[in-house]
Amino acid sequence: MNYKYHFIGIGGVGMSGLAKYLIQQGQEVSGSDISESKYTKELLDLGAKIYIGHSYENVPPNSIVVINSAIKFNNPELQRAQSLKCKIYHRSDLLALLSRSDKKFIGFAGTHGKTTTSGMASYLLSKAGYNPSFVVGGIIPELNTNAEYDKNGNFFVAEMDESDGTLVKYRPDILVINNLEADHLDFYKNGLTSIVQTFQKLLSNLRSDAKILINNDNKGNLKLKGYNFITFGFDEAEYMAKNKTFKNGYFTFDVYHKNKLLLDNVQIVLPGEHNIYNTLAVISACNEAGINVKLIKEHLTTFTGMGRRFQKMLTINKIPVYDDYAHHPTEIKATLSSLKSMTTKNIVAVFQPHRYTRLQSFWNDFKNSLVYADRLIVTDVYAASENPIEGINSKKFASEIHNAEYVSGSIEDVAKKLLPTLKENDIVIGLGAGTITNLAKYLKKASEE
């Protein structure tokens, strides 16, 4: 059955993926956002009606209106939808609805790694000929998309976001929990305790025949109780990565299932031990789903990661520039330590704190996670609609770190100030979930001026 869908805030990676999925299903899609982006341009090319700017008139009558947690009650399009008595879905409601099909739903969750694991699974199944449908939270570079609907495949893969508690709406057949750690403290007031409670509720909603896979090496995961978990990890788990080595730019390891060799000589190009965990999670989930993991193994060496996850953007004056979405201390530590192990170059990290509440909650953890940088630039906080908190700012934060300097202004301003100070032996990496993703673009622009 065909419907009309209107997305308020269609230009983000999550909302655009859902919109793309519906278009591929043959649905009529429109949407608006405050500015044009590569996602709105792509949707326009696919046949969506796109509005730049939010306006009362944008919402078509008799449509299903899709919002996310960032849309405020006074948004004119939301008010129009309410006056028209349109059905209003949160993006999580729509994703949950799409997942309830005849396809086997493999869902990836947890504080860190869910974009990489869901993207990796989607990529491997695509390359191995399984024709998966998927909606993930980043662009898969080798497939150049964040969503795909394929009526011929038997699997649906999705990333399940915990940031606002809406993951309790999902009912995956196979659930992977990468790890649990305190985060999103604007929503989870009691930190890890609140997150564990939300995940316990998710587990209680699953069907009795659902398979639940957890990283057995993660302390947060071990707080989950009451279920027969399928475990993966490096020690004492059903699925284990053994004989791990790093050589010639590859991590190589063997995968054992119940102490029997499942796959030998698995090779990945993704840096960092955390990506061995990510790969092990995907192999374990695929094996539990009845997928021939020998068919996906050969494609692991061609998966270079997700967009905005340790992504090389360009080289300027022989200086490589990377972009990484890391915005939690654990993610930053994993990224920088991986980079440190790969290069002898001087690491110049440009850190944009994401949300005042996160900077306040993890102040000392952020300081400790940034020690792998040889030089640290701290930009203004990306507020993400939050109000400033007195005494919590980037200038003060930078002043407490010996190798850090605070640079104010937009990311374009930061790029202009940074470029003349860079040296040939430097390697630059932008860290954060906000506008820091534009650092490479503005460094290139500054170099051409």
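Me: What makes strand 13 and strand 14 a pair in this predicted model?
Reply: Two strands pair if DSSP finds at least two bridges between them. Seven bridges join strand 13 (residues 239–247) to strand 14 (residues 250–257), so the pair qualifies. The two strands run antiparallel. One of the bridges links Thr245 to Thr252 of strand 14.

Me: Why are strand 8 and strand 15 called edge strands?
Reply: Strand 8 (145–148) and strand 15 (260–268) each pair on one side only. They belong to an open sheet of 10 strands, in the order 8-7-9-6-10-11-12-13-14-15, with mixed pairing. Neighbouring strands of this sheet are turned by 20° against each other on average, direction ignored.

Me: Which helices lie across strand 10?
Reply: Helix 6 (residues 192–205) lies across strand 10 (174–177), and also across strand 6 (104–109) and strand 11 (211–215). Helix 7 (residues 273–288) lies across strand 10 too, with strand 6, strand 11, strand 12 (230–233), strand 13, strand 14 and strand 15.

Me: How do you know what to call the angle of helix 6 to strand 10?
Reply: Angles over 145 degrees count as roughly antiparallel. Helix 6 runs at about 165° to strand 10, so the term is roughly antiparallel. Helix 7 runs at about 140° to strand 13; that value is not over 145 and not within 65 to 115, so the angle counts as oblique.

Me: Why are helix 1 and helix 2 called roughly parallel or antiparallel?
Reply: The axes of helix 1 (residues 13–24) and helix 2 (residues 38–46) cross at roughly 10° and come within 10 Å. Angles under 35 degrees count as roughly parallel, and therefore these helices do. Helix 1 makes the contact through Val13, Ser16, Ala19, Lys20 and Ile23, and helix 2 through Tyr39, Glu42, Leu43 and Leu46. By class these residues are six nonpolar, one polar and two charged.

Me: What makes the largest cavity a cavity, and which residues line it?
Reply: A cavity is a set of points where a 1.4 Å probe fits but cannot get out. The structure holds one cavity of 30 Å³ or more, and the largest has a volume of about 30 Å³. Its lining consists of Val321, Tyr322, Asp323, Gly430, Ile436, Thr437, Leu439 and Ala440. Strand 17 gives the most to this lining, with three residues.

Me: Which residues lie nearest the centre of the second largest pocket?
Reply: Tyr5, Gln25, Gln27, Leu97 and Leu98 do, among 17 lining residues. The volume of this pocket is about 300 Å³. By class, the lining has 10 nonpolar, three polar and four charged residues.

Terms used. Residues are numbered from 1 along each chain as its sequence is written. This is a predicted model: local features need pLDDT of at least 70, side-chain atom pairs count only at pLDDT 80 or more; totals for chains, interfaces and linings use all residues. Side-chain values use heavy atoms; hydrogens and water are left out. Axes are lines fitted to C-alpha atoms, for helices over the stretch in contact, and angles run from 0 to 180 degrees between N-to-C directions. Helices (H or I, at least four residues) and strands (E, at least two) are DSSP runs, numbered from the N terminus. Contact means heavy atoms within 4.5 Å. Ala, Val, Leu, Ile, Met, Phe, Trp, Tyr, Cys and Pro count as nonpolar, Asp, Glu, Lys and Arg as charged, and the others, Gly among them, as polar. On a 1 Å grid over the protein atoms alone, a cavity is a set of points where a 1.4 Å probe fits but cannot get out, and a pocket is an open set with protein on both sides within 12 Å along at least five of seven lines; lining residues have an atom within 4 Å of a point. Grid points are joined across faces, edges and corners, and a volume is the space filled by probe spheres set on the points.
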